Amino acid sequence: MTTSLTSSHVHHFSGTLHVPGDKSISHRALMLGTLAVGETIITGLLESADVFRTVTAMRALGAHVKRVAPTCWRLYGRGIGGLAEPVDVLDMGNAGTGVRLLMGLLATHPVTCVLTGDASLRTRPMKRVIEPLHRIGALFLARANGSLPLAMSGTPSPIPIVHMLEVASAQVKSAVLLAGLNIPGTTTIIEKQLTRDHTERMLQGFGATLVVTENPARERTITLTGQPEISGRVIVVPADPSSAAFLTVAAILVPGATVTLVGVCTNPLRSGLYDTLLEMGAQVEKRNARVSSESSDEPVADLVVRHGPLMGIHVPATRVPSMIDEYPVLAIAAACANGTTKLHGLMELRVKESDRLTAVARGLSACGSRVDVQGDTLIIHGDGRPPLGGARVNADFDHRIAMAFLVLGMVTQEPVTVEGAESAIATSFPNFVPLMNGAGACISGES
Ligand code: S3P
């Protein structure tokens with residue numbers, strides 16, 4: 001298997017392109033399908049390493065999960081309260097969403113499990129999930145810092161809680177909501193900064209009673225009534241805006257490029273990158289905006305992206321939750337923009353699949369950009385031209401770092417090589433290279 005990928009300068013990039021299914025929605029569809037009674041059909045499921053870990057975990061909990069056609073999966077759920085105890089350790093690989101949501105699911109089922117992951121996942125913070133789930137009554141045997149591997153036992157007599165989200169994290173919110181499904185009474189979550197609401201939308205689509213209110217300060221209170229009967233359904237997973245982000249930035253940067261990205265999820269709590277690129281002067285147009293009751297109750301549109309110049313801007317910390325996974329590729333855009341871009345409030349980037357703040361700053365500097373990190377602010381000085389390139393960047397188990405620097409290599413004078421790219425990219429966007437190359441990119445592997 002090739003592990004390094006090299007991206008070289010291209011002269012065109014265009015096409016009508018289908019990005020694979022959304023990773024966040026794919027994990028949730030499998031988990032809620034497992035808790036539903038009867039058959040759930042998922043089409044457009046992201047078939048990537050992270051999602052396959054969730055498929056394996058759901059099978060270990062007793063769900064029947066079968067691939068019936070490319071991206072189309074049929075699942076027979078166990079019903080809320082009906083999960084089986086897994087016979088072996090659940091290894092969630094690189095999947096932070098997978099493991100944190102799984103902990104929520106397990107917390108209110110009387111099963112004991114050992115959870116682990118790859119070298120990256122084993123360094124990521126889990127206390128943020130352990131703490132509320134422990135208050136519900138789940139027991140954890142974990143290291144002092146809470147990192148994986150850990151053992152947990154779900155509680156047979158869970159307690160409903162009110163949880164104020166300390167970190168703006170949809171994973172923590174979703175873990176508590178999934179736990180709340182098997183708690184008698186109501187589980188309440190308060191979020192001061194809004195995070196992606198795919199779990200709330202899908203829960204409502206499955207027929208759970210969930211009430212969301214927002215006060216004038218835009219704080220949200222989410223109240224879930226426990227132990228509903230949820231029945232299987234059809235879910236169509238829209239294209240992943242976080243994967244579409246790489247093609248979007250490539251199209252903006254390559255002279256003469258135009259791409260149409262079909263059926264991308266335009267959930268406003270995921271659209272921070274698109275808002276930011278528009279502020280930087282990019283040409284991104286939404287066409288055929290639609291909401292399908294079958295598409296996970298998410299808004300969807302086709303995105304038409306054209307090449308054009310970008311200006312450096314200041315991006316406030318309030319933008320972080322809606323753009324959390326897109327900072328690496330935004331930084332690539334900023335390195336090619338005219339003027340200084342300041343990205344504020346990036347502390348959560350340090351605890352993603354890698355320390356993305358350091359990885360982006362180091363990689364861009366190696367490519368010849370002028371970059372400063374001041375606390376949690378990333379400052380990128382651009383002069384309207386791409387940096388020279390010619391660097392080797394380490395993916396460090398991080399798909400988004402790998403893909404971001406391969407996009408940069410499309411416009412630098414010298415090629416950019418990303419070590420460990422192939423296996424990292426397989427976690428979220430397995431057909432990234434053929435899709436990009438089909439549209440004009442020149443990305444090749446080293447054996
Ligand atoms: C996700 C939430 C975000 C995001 C991750 C997917 C989700 O993480 O970075 O890739 O599916 O809920 P946090 O909740 O930790 O911010």
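Visitor: In this model, which residue has a polar backbone atom 2.9 Å from an oxygen atom of the ligand?

Guide: The model is predicted. The ligand is surrounded by residues that include Ala168, Ser169, Ala170 and Gln171. Within this group, the polar backbone atom lying 2.9 Å from a ligand oxygen atom belongs to Gln171.

Visitor: How much of the accessible area that the ligand has on its own does the protein cover?

Guide: Side chains also approach the ligand: an N or O atom of Ser24 lies 2.7 Å from a ligand oxygen atom, and an N or O atom in the side chain of Asp325 is likewise 2.7 Å from a ligand oxygen atom. On its own, the ligand has 380 Å² of accessible area, and the covered share is 96%.

Visitor: Which elements give two or more residues to the shell around the ligand?

Guide: The ligand sits in the largest pocket. Its shell has three nonpolar, four polar and four charged residues. The elements that contribute two or more of the shell residues are helix H1 (23–35) and helix H5 (170–180).

Visitor: Why does the ligand lie between two domains, and which are they?

Guide: The shell residues include Ser24 and Arg28 as well as Asp325 and Lys352. Because both domains give residues to this shell, the ligand lies between domain 1 (4–21 + 238–446) and domain 2 (23–236).

Visitor: Which residues are joined by a cis peptide bond?

Guide: The loop between strand S8 (139–141) and strand S9 (150–153) contains Pro149. With an omega of about -5°, the cis bond joins Leu148 and Pro149.

Conventions
Residues are numbered from 1 along each chain as its sequence is written. This is a predicted model: local features need pLDDT of at least 70, side-chain atom pairs count only at pLDDT 80 or more; totals for chains, interfaces and linings use all residues. Side-chain values use heavy atoms; hydrogens and water are left out. A residue is near a molecule or strand if one of its heavy atoms lies within 4 Å of it. A polar contact is a pair of N or O atoms within 3.5 Å; within protein, one must be able to donate a hydrogen and the other to accept it, and residues adjacent in sequence count only if both atoms are side-chain atoms. Accessible areas come from the Shrake-Rupley method with a 1.4 Å probe; for residues, only the protein chains shown count as cover. On a 1 Å grid over the protein atoms alone, a cavity is a set of points where a 1.4 Å probe fits but cannot get out, and a pocket is an open set with protein on both sides within 12 Å along at least five of seven lines; lining residues have an atom within 4 Å of a point. A molecule sits in a cavity or pocket if more than half of its atoms lie within 2 Å of its grid points. Helices (H or I, at least four residues) and strands (E, at least two) are DSSP runs, numbered from the N terminus. Ala, Val, Leu, Ile, Met, Phe, Trp, Tyr, Cys and Pro count as nonpolar, Asp, Glu, Lys and Arg as charged, and the others, Gly among them, as polar. Domain bounds come from an automatic or database domain assignment.
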